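Colleague: I should like to learn how to read a structural model in an orderly way. May we go through the features one at a time, with the general idea before the particular case?

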Amino acid sequence: MKNFIREIAPYLLTRLMSNGGEFGEIFYERTYSTILKYEDNRLSKAVEGIDEGVGIRLIKNGKTHYGYTSEINKENLELLVSTINSHEGEGKVKVGIEHLIGYSPAKIDPEDYFLKRKKEILLTANDIVRSYDPHIKQAGITLKDTKREILIINTDGDIVEDTQIRVALYVEAIASDGKTLYRGYESAGGAIGYEFFQGDTINIIDYVASKAAHRAVLGLNAKPAPLGSMPVIISSEAGGTMIHEAVGHGLEADLAEKGMSVYAGKIGEKVASEKITVIDDGTIEGKMGSFNFDDEGIPAQRTVLIENGILKGFMYDRLTAMQTGKNSTGNGRRDTYRNIPIVRMRNTFIAPGQDNPHDFIKDTKKGLYVVKMGGGQVNTVNGDFMFEIIEGYMIENGEITYPIKGAALMGNGPKAMQDVEAVGYDIGWAIGTCGKNGQAAPVGDAQPTIKIKSLIVGGNS
């Protein structure tokens, strides 16, 4: 099908631009994917399939006109083009000036890995969770993989191909003491093939399953969280959920340019502690948000957003860059060929600092130590956020004392970043699926251990 798209592209793009426009693009996508779920000691879901289609985009007078089809033939594509370019004018067309090809460095292709072997991963994780402790009553294991092939041909003369492979394992454990239930959760994955589960240094399946079971059992003996403002130490093990949600979305240029970000109009200003540097990077090998080219054919790159507390810039896709006279930062991503590309994060993280994370706890008289955060929400306009805490502990007189439950962190993103007192030299990564405008995108996030002077801890005293 790629050869057909290449052959017909000059004709389609010429017709697309025949009535005017600044930019035209053909986006082809073929995605192989598997989702397996294991619950109640049985395989509860097994979905394997291929989705293939083409999206055609015209940017004209700064506005996007878009259509797509999963029936890829000349007639359907011609119909899409004639529907999209409905106004008079003439646009420039260049085809085939530069041809770039990228490929995920996966050793074991998900499409070549037998379903039986994928199921064995689920069974192994299920056995580990259920044998961890007698209090474990339930386990839920999900395994996902994708092999995504894209071809982008546009009127700037670019022909770009990329193959993106990802695998991910999600484990949930439920523990009960007969009176209460508590949930533990952990996940791992990346832009990598099934060799991910065959590493020499760490058994990923054992690590993820054991972590989920540990958190479930730990919660049974946890005490209600106190209520109030206090110092908060967020471990590197927590990943970068906070930086992604409370800061990252506000640094997406489409929101900033519309005045929907607390960071709008603040380039060059101090927006965080001088200890804070925030980076969004699509080039880190193996991370969930990495790729060779984004969904507009722009090469992946490293973008410094905040440097030593100073706001340096935003993340851009092609359209927002055109509207503002900037260059795309390679952050144009789309869920599938059915969607237009929008500004999305890739791998967003706080850069490691120079402080010793082992000193953070002993220097804290009373506070909260967060090991794992769950879901949350943020208002990008004012930066206010709220995050659930899955695993956390109280700090008393410089020591970790007891685990807490039912807790949430509340605060303001820019204020929290200004109140960072220490940044560790360690760093820990997590994976996620980020939602925006009804689209989902696989992302990575990370941070070192950081100490924030004060955040509001919500819970039951």
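Colleague: How far apart are the mean positions of the positive and negative charges of the protein chain?

Modeller: First, a caution: this is a predicted model. In it, the protein chain carries 52 positive and 61 negative charges, and their mean positions are 3 Å apart.

Colleague: What does the radius of gyration say about the protein chain?

Modeller: The value is read against what a compact globule with the chain's number of residues would have. For 461 residues that expectation is near 23 Å, and the protein chain has 24 Å, which agrees. The box that the C-alpha atoms fill, taken along the principal axes, is roughly 70 × 55 × 35 Å.

Colleague: What share of the residues is buried, and what share of the contacts joins residues 24 or more positions apart?

Modeller: Buried residues amount to 57% of the 461. Among contacts with a separation of 6 or more, 74% are between residues 24 or more positions apart. As for the surface, the protein chain exposes about 19200 Å², of which carbon and sulfur atoms supply 48%.

Colleague: How many helices and strands does the protein chain have?

Modeller: It has nine helices and 23 strands. Strands of a sheet pair through backbone hydrogen bonds, in either a parallel or an antiparallel sense. In this model, one open sheet holds six strands in the order β12-β11-β10-β15-β22-β21, and its pairing is mixed. Strands β12 (310–311) and β21 (428–436) are its edges, each pairing on one side only.

Colleague: In which sense does β10 pair with β15, and over how many bridges?

Modeller: Strand β10, residues 278–281, pairs with strand β15, residues 347–350, in the antiparallel sense over three bridges. The partners can be followed residue by residue: V278 bridges to I350, I279 to F349, and D280 to T348.

Colleague: What are the other pairings of β10 and β15?

Modeller: Strand β10 pairs with β11 in the antiparallel sense over four bridges, and there D280 stands opposite T303. Strand β15 pairs with β22 (residues 439–447) in the parallel sense over three bridges. One bridge partner in that pairing is G444 of β22, which faces N347.

Colleague: Are the faces of β10 covered or open?

Modeller: To read this, one takes the residues on each side of the strand and asks whether they are buried. In β10, V278 and D280 lie on one side and I279 and D281 on the other, and all are buried, so that both faces are covered according to the 20% limit for a buried residue. Strand β15 also has both faces covered: N347 and F349 on one side, T348 and I350 on the other, all buried.

Colleague: How should I read a positive phi, and which residue has one of about 55 degrees?

Modeller: Most residues other than glycine have a negative phi. In this model, N61 has a positive phi of about 55 degrees although it is not a glycine. N61 lies in the loop between β2 (42–60) and β3 (63–69), and it is exposed, with a relative accessible area of 64%. N308 also has a positive phi, near 50 degrees, and is not a glycine. N308 is placed in the loop between β11 (302–307) and β12; at 47% relative accessibility it counts as partly exposed.

Colleague: Why does K223 count as partly exposed, and which residues does it touch?

Modeller: K223 counts as partly exposed because its relative accessibility is 45%, and partly exposed means a value between 20% and 50%. Its place is in strand β8, residues 223–224. Leaving aside residues up to four places away in sequence, K223 touches Y402, P403, I404 and K405. K223 and Y402 are 179 residues apart along the chain, yet their C-alpha atoms are separated by 7.3 Å.

Colleague: Where is N221, and how far is it from K258 in space?

Modeller: N221 lies in the loop between α4 (204–220) and β8. At 64% relative accessibility, N221 counts as exposed. N221 and K258 are 37 residues apart in sequence, while their C-alpha atoms are 47 Å apart in space. Separation in sequence and distance in space are therefore best read side by side, as with K223 and Y402, 179 residues and 7.3 Å apart.

Technical notes
Residues numbered from 1 in each chain as written. Predicted model: local features only at pLDDT ≥ 70, side-chain atom pairs only at ≥ 80, totals over all residues. Heavy atoms only, no water. Helix = DSSP H or I, 4+ residues; strand = E, 2+ residues; numbered from the N terminus. Rg over C-alpha atoms; globule rule 2.2 N^0.38 Å. Buried < 20%, exposed > 50% of the residue type's maximum accessible area, 1.4 Å probe, protein only. Contact = heavy atoms within 4.5 Å. Areas by Shrake-Rupley, 256 points an atom, 1.4 Å probe, with all protein chains shown as cover. Lys, Arg positive; Asp, Glu negative; His and termini not counted. Charge placed at Lys NZ, Arg CZ, Asp CG, Glu CD. Pairing = 2+ DSSP bridges.
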